[in-house]
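Okay, thanks for squeezing me in. I'd like to walk you through one helix and then some aromatic rings, so let me put the structure up.

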Amino acid sequence: HFVYMGGIYREKGVDAAVRAFQGLTQPVRGCAELHLFGHGDPSLIDSYRAIDGITVHGNVSPEVLRQFASSRRCCGLVLYEEHPRYRLIGTNSRKLYEYLALGMPVVCTRIGELGSFVERHDVGLTISSIIQQAEILEGMTTFLSDDELWNNMSLRARILMQQPEMTWEHEWNKVIAAGVLPPSKPDQLRRAA
């Protein structure tokens with residue numbers, strides 16, 4: 001199953017993912033499904049609901065997503081487009097980390113540092129930062145055609161996300177160590193939270 005989380009808008013790459021999914025051919029397509037989690041353009045969502053094999057779930061809680069992912073083999077779609085806002089993304093993508101923590105390998109655009117992160121850890125396939133239906137289709141086909149690749153990347157994703165350096169605490173400690181925050185008292189931090 002393929003999973004997209006985020007705003008359901010054409011400019012978010014979801015339409016290219018839907019068209020790529022529709023381009024899957026038998027026998028590769030088999031029982032493949034595309035699951036869209038999020039809200040967005042109502043007319044677009046209605047059109048996707050009419051397509052066989054696509055389910056629009058709307059916004060769901062993290063627990064619902066965990067249950068969904070634990071009951072089936074999934075691949076996450078990280079489709080940030082070539083846009084100045086995303087070029088500076090670094091590796092700051094909650095969506096990417098959520099997919100990986102759930103054991104989902106990814107099809108990810110090479111934007112910011114995301115592509116090199118995915119490639120370095122061998123947890124997914126990367127495509128151009130200019131979202132193209134053909135590249136998404138190729139990534140989907142590759143995963144559907146190679147169970148060993150899918151399973152190995154899924155295992156590496158779970159192992160990666162269990163490493164101490166993948167915690168929020170580790171990242172926060174890097175911010176503190178950088179010395180960019182003014183000194184504060186513990187009670188000020190509690191009030192801010």
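**Helix H6 and the aromatic pairs**

So, let's start at helix H6, residues 114–121, where the buried residues are Leu114, Gly115, Phe117 and Val118. Look down the axis of H6 and those buried residues fall within an arc of 165 degrees, so they line one face of the helix. If you want the textbook background, an α-helix has 3.6 residues a turn, so residues three or four places apart point the same way. Before I go further: this is a predicted model, so please hear everything in that light.

What covers the buried residues of H6? The cover includes three strands you can pick out on screen, E4 (75–78), E5 (106–109) and E6 (124–127), plus helices H5 (94–101) and H8 (147–161). And right after H6 ends, Asp122 has a positive phi, about 55 degrees.

Okay, on to the rings. How many aromatic pairs does the structure hold? Four. One of them is Phe2 with Trp150, a tilted pair with 5.9 Å centre to centre and 40 degrees between the planes. Phe2 lies in strand E1 (residues 2–5) while Trp150 belongs to helix H8, so this pair ties together parts that are 148 residues apart in sequence. Both Phe2 and Trp150 are buried.

Now back to our helix. Tyr97 and Phe117 have ring centres 5.9 Å apart and planes at 80 degrees, so that pair is edge-to-face. Here Tyr97 comes from helix H5 and Phe117 from H6, so the pair ties together parts that are 20 residues apart in sequence. And why does Phe117 count as buried? Because its relative accessibility is 5%, and the cut-off for buried is under 20%.

Trp150 has further company. Phe2, Phe143 and Trp150 make up one aromatic cluster, and Arg73 lies over the face of Trp150, at 4.1 Å from the ring centre. There's a lysine case too: the charged end of Lys95 sits over the ring of Tyr80, 5.4 Å from its centre.

Let me zoom out to finish. The protein has 10 helices and six strands, and 41% of its 193 residues are buried. Take the contacts between residues at least 6 apart in sequence: 62% of them join residues at least 24 apart. As for surface, about 10,700 Å² is exposed, with carbon and sulfur atoms supplying 52% of that. Okay, that's me done, happy to rotate things if anyone wants another look.

Notes
Residues are numbered from 1 along each chain as its sequence is written. This is a predicted model: local features need pLDDT of at least 70, side-chain atom pairs count only at pLDDT 80 or more; totals for chains, interfaces and linings use all residues. Side-chain values use heavy atoms; hydrogens and water are left out. Buried means under 20% relative accessible area, exposed over 50%, partly exposed in between (1.4 Å probe, protein chains only). Helices (H or I, at least four residues) and strands (E, at least two) are DSSP runs, numbered from the N terminus. The arc is that of the directions from the helix axis to the C-beta atoms. Contact means heavy atoms within 4.5 Å. Rings of Phe, Tyr and Trp (its six-membered ring) pair if their centres lie within 6.5 Å; planes under 30 degrees apart count as stacked, over 60 as edge-to-face and the rest as tilted. A charge sits over a ring if NZ of Lys or CZ of Arg is within 6 Å of the ring centre and within 35 degrees of the ring normal. Accessible areas come from the Shrake-Rupley method with a 1.4 Å probe; for residues, only the protein chains shown count as cover.
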